[in-house]
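Q: Please take a close look at the nonpolar interior of this model and at what is packed around it. I would like each term given with its cut-offs.

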Amino acid sequence: MAPQKLDLTNIIRTRVRGWKGKLIPGILLKGLEKLICQRELNDILATLYPREGSEFAKGVYNYLDLRIEVKGLDKIPEGGRYVFASNHPLGGLDGIGLIMVLGSKYGDDNVRFIVNDMLLNIEPLKSVFLPVNKYGSQARGAAKIISEAYMSDKQIVMFPAGLVSRLYPDDTIRDLQWQKSFVSKAIESGRLIVPVRFEALNRKRFYRIAYWRKKLKIGVNLEQTLLPGEVIASRGKSYRVKFGHPVDPLAYREEGLSLKQIAEKIRSLSDGMIINQ
């Protein structure tokens, strides 16, 4: 089997069928390929082939000369079943970094990462992904797979915000609201939740485009197309990630907190973790 090779032009031509697809100018498609840094991404895929899972993730970090400082993971009790809930500052390398760290600790067979964005297109990482599809005929099957994973002994990793962190009017960059589903699933499956803080940033351009796109009420997620380029532009950076103490969401529930309130409480624990302490 040959290494995966991204071909954006072919993907678009295949999805936009008929006369509409033929009207898309080739120069535009070539421009999009350059925007997503397709050549550089294919170089990574070819160089790291046939590595998979955490070994592939480790290879990406080495290829891009990235460094990651990890704190708190050694303090998490062994033998537990956890949901690792992290903020989502990058949209690519934060997920790959967590796969590298947690896959190395627990083994790829014992880690499952819930994703629904660009990471799903990276074939060398599919072995650790839960195939989420919110829409269409696959949604019911995906929900069943996720439920089975929660009831298993595998560690679950996720970004409860779903989308990448955004720029706010006060000029801070932070997550969108954390969805409550990870709390209900953790309670249902008898898991503790580990708040995770991943300290990293994309270039300011990404956050500004996302901010103005929303402010101008443009429906197309323009900033999403910038994320592959952010991966390539990250070369040589250093990241830090901190794992907090596991918390029991059922205990919060028994105190009378709603699922939404528990999700926000766990998010505040993630936001409040100071990496250098």
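A: The account below starts with the core, goes on to a strand and the aromatic rings, and ends with polar residues and some backbone angles.

This is a predicted model, in which local features need pLDDT of at least 70 and side-chain atom pairs count only at pLDDT 80 or more, while totals for chains, interfaces and linings use all residues. Residues are numbered from 1 along each chain as its sequence is written, and side-chain values use heavy atoms, with hydrogens and water left out.

A nonpolar core here is a set of buried Ala, Val, Leu, Ile, Met, Phe, Trp, Tyr and Cys residues joined through side-chain atoms within 4.5 Å; buried means under 20% relative accessible area, exposed means over 50%, and partly exposed lies in between, with a 1.4 Å probe and protein chains only. The largest such core has 42 residues, and those with the most contacts inside it are Phe84, Leu93, Leu98 and Phe243. Two or more residues each are given to this core by helix 4 (38–48), helix 5 (53–63), strand 2 (82–86), helix 6 (93–106), strand 3 (111–115), strand 8 (192–199), helix 10 (227–233) and strand 9 (238–243); these helices (H or I, at least four residues) and strands (E, at least two) are DSSP runs, numbered from the N terminus. The largest share, eight residues, comes from helix 6. Contact means heavy atoms within 4.5 Å, and, leaving aside neighbours within four places in sequence, Leu98 is in contact with Ser86, Gly103, Phe113, Val157, Phe159, Val196, Phe198, Val241 and Phe243. Apart from this core lies another, of 21 residues, among them Ala161, Trp178, Val183 and Ile262. In soluble globular proteins, nonpolar side chains tend to be buried together.

Strand 3, one of the contributors to the largest core, has five of its five residues buried. Both of its faces are covered, with Val111, Phe113 and Val115 on one side and Arg112 and Ile114 on the other. Two strands pair if DSSP finds at least two bridges between them; four bridges join strand 3 to strand 5 (residues 155–158), and the two run parallel. In this pairing, Ile114 stands opposite Met158.

Strand 5 also holds Gln155, which counts as buried because its relative accessible area is 5%. Leaving aside neighbours within four places in sequence, the contacts of Gln155 include Tyr82, Phe84, Tyr106, Val111 and Arg112. Gln155 and Phe84 are 71 residues apart in sequence but 7.6 Å apart in space, C-alpha to C-alpha. The side chain of Gln155 also reaches the backbone oxygen of Gly80 at 2.9 Å, where a polar contact is a pair of N or O atoms within 3.5 Å; within protein, one must be able to donate a hydrogen and the other to accept it, and residues adjacent in sequence count only if both atoms are side-chain atoms.

The rings of Phe, Tyr and Trp (its six-membered ring) pair if their centres lie within 6.5 Å, with planes under 30 degrees apart counted as stacked, over 60 as edge-to-face and the rest as tilted. A search of the whole structure finds nine such pairs. Tyr61 and Tyr239 form one that is edge-to-face, at 6.3 Å centre to centre and 70° between the planes; Tyr61 lies in helix 5 and Tyr239 in strand 9, so this pair ties together parts that are 178 residues apart in sequence. Both Tyr61 and Tyr239 are buried. Phe206 and Tyr207 form another edge-to-face pair, at 5.3 Å centre to centre and 80° between the planes. Tyr82, Phe84, Tyr106 and Phe243 form one aromatic cluster. Lys105 lies over the face of Tyr106, at 5.3 Å from the ring centre, a charge being over a ring if NZ of Lys or CZ of Arg is within 6 Å of the ring centre and within 35 degrees of the ring normal.

Phe206 counts as buried, at 0% relative accessibility, and is in contact with Glu230. Glu230 belongs to helix 10 and is itself buried, with a relative accessible area of 5%; its other contacts, neighbours within four places in sequence left aside, are Asn202, Arg203 and Arg205.

Some backbone angles deserve a check as well. The peptide bond from Tyr49 to Pro50 is cis, with omega near 5°, and Pro50 lies in the loop between helix 4 and helix 5. Asp65, in the loop between helix 5 and strand 1 (67–71), has a phi near 55°, a positive value in a residue other than glycine.
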